[in-house]
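Welcome to this guided tour! Open your viewer, switch to a cartoon view, and get ready to select things one step at a time.

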Amino acid sequence: TYKYNYLMKKILINTFLFFLLANCGFSPIYSIDDNQNFKIQIESVKGDRLINNQIISKLNSISNDQSENKFNIDINTIYNKTIYSKDNTGATSSYQLDVISEVNIVNRERIEKITVTEKFIMDNNDNTVDEKNYERTIKKTFASSITKQILLKLYSKK
């Protein structure tokens with residue numbers, strides 16, 4: 001029971017720290033303003049479904065259909081979960097989560113390619129439901145980061 005309690009405390013502390021740091025409310029001085037005037041049209045989407053759906057949702061919420069400034073976007077997201085380390089018994093103790101997102105932006109016949117790479121080391125959890133939920137949260141964080149990179153590029157093109 002001591003090992004179980006120690007493991008649960010470790011998981012709770014790691015989860016708490018992740019949420020504290022990921023959702024602390026920090027926004028940079030030059031933060032993205034959602035009131036920009038451009039139309040975003042998603043042309044094609046490939047790759048991880050959850051990450052792509054999060055990106056598309058945010059881009060669609062910002063898009064203004066009446067705008068003359070139109071961007072066509074192609075998204076290709078590659079997500080990998082690999083074993084990062086093992087314990088003495090050979091059991092997996094942590095995973096590395098990687099996402100590579102290639103985004104093509106077309107505006108007035110000009111094409112620009114953005115590649116965003118994100119990595120995260122996630123500890124193994126004996127409870128598979130908790131591990132899946134935590135992985136899902138990390139994927140959403142990846143999507144948010146990718147979306148911000150896309151929007152920064154769009155705002156710089158205006």
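**Stop one: a hairpin**

Start by selecting strands E3 and E4, which form a hairpin with 2 residues between them. Click on arginine 108 in the turn: its phi is positive, about 55°. Keep in mind as you look around that this is a predicted model.

Now follow the two strands away from the turn. E3 (92-107) and E4 (110-123) run antiparallel and are joined by 14 bridges. Three pairs are good to highlight. Asparagine 104 is opposite lysine 113 in E4, serine 101 has valine 116 in E4 as its bridge partner, and tyrosine 95 faces methionine 122 in E4.

**Stop two: another hairpin**

Keep E3 selected and add E2, residues 70-86. How many bridges pair E2 and E3, and in which sense? There are 14 bridges, and the pairing is antiparallel. Show isoleucine 75 and its bridge partner in E3, valine 103. Then move to lysine 86, which stands opposite threonine 92 in E3.

The hairpin of E2 and E3 has 5 residues between the strands. Select glycine 90 in this hairpin, where phi is positive and near 95°.

**Stop three: the parallel pair**

Next, select E1, residues 39-47. E1 runs parallel to E2, and 8 bridges join the two strands. You can find one of the pairings by showing glycine 47, whose bridge partner in E2 is threonine 77.

Add helix H2 (residues 49-62) to the view: E1, H2 and E2 make a β-α-β unit. Is this unit left-handed or right-handed? It is left-handed.

**Stop four: the whole sheet**

Colour the strands one by one. They make an open sheet of 4 strands in the order E1-E2-E3-E4, with mixed pairing. E1 and E4 stand at the edges and have a single partner strand each, so one side of each is left without a neighbour in the sheet. On average, neighbouring strands of this sheet are turned by 20° against each other, direction ignored.

Turn on the side chains if you like. In a regular strand they alternate between the two faces of the sheet.

**Stop five: helices on the sheet**

Go back to H2. This helix packs on the sheet, where H2 touches E1, E2 and E3, and its direction makes about 180° with that of E1.

Then select helix H3, residues 128-157. H3 also packs on the sheet, touching E1, E2, E3 and E4. The direction of H3 makes about 155° with that of E4.

**Last stop: a pocket**

Finish at the second largest pocket, which holds about 430 Å³ of space. Its lining has 15 residues; select Lys3, Leu7, Asp87, Asn124 and Asp126, which lie nearest the centre of the pocket. Which elements give two or more residues to this lining? They are helix H1 (2-22) and strand E3. H1 provides the largest share, 7 residues.

Try colouring the lining by residue type. You should find 5 nonpolar, 5 polar and 5 charged residues.

Definitions and conventions: Residues are numbered from 1 along each chain as its sequence is written. This is a predicted model: local features need pLDDT of at least 70, side-chain atom pairs count only at pLDDT 80 or more; totals for chains, interfaces and linings use all residues. Side-chain values use heavy atoms; hydrogens and water are left out. On a 1 Å grid over the protein atoms alone, a cavity is a set of points where a 1.4 Å probe fits but cannot get out, and a pocket is an open set with protein on both sides within 12 Å along at least five of seven lines; lining residues have an atom within 4 Å of a point. Grid points are joined across faces, edges and corners, and a volume is the space filled by probe spheres set on the points. Ala, Val, Leu, Ile, Met, Phe, Trp, Tyr, Cys and Pro count as nonpolar, Asp, Glu, Lys and Arg as charged, and the others, Gly among them, as polar. Two strands pair if DSSP finds at least two bridges between them. A crossover is right-handed if, with the strands pointing away from the viewer, the path from the first strand over the helix to the second runs clockwise. Axes are lines fitted to C-alpha atoms, for helices over the stretch in contact, and angles run from 0 to 180 degrees between N-to-C directions. Contact means heavy atoms within 4.5 Å.
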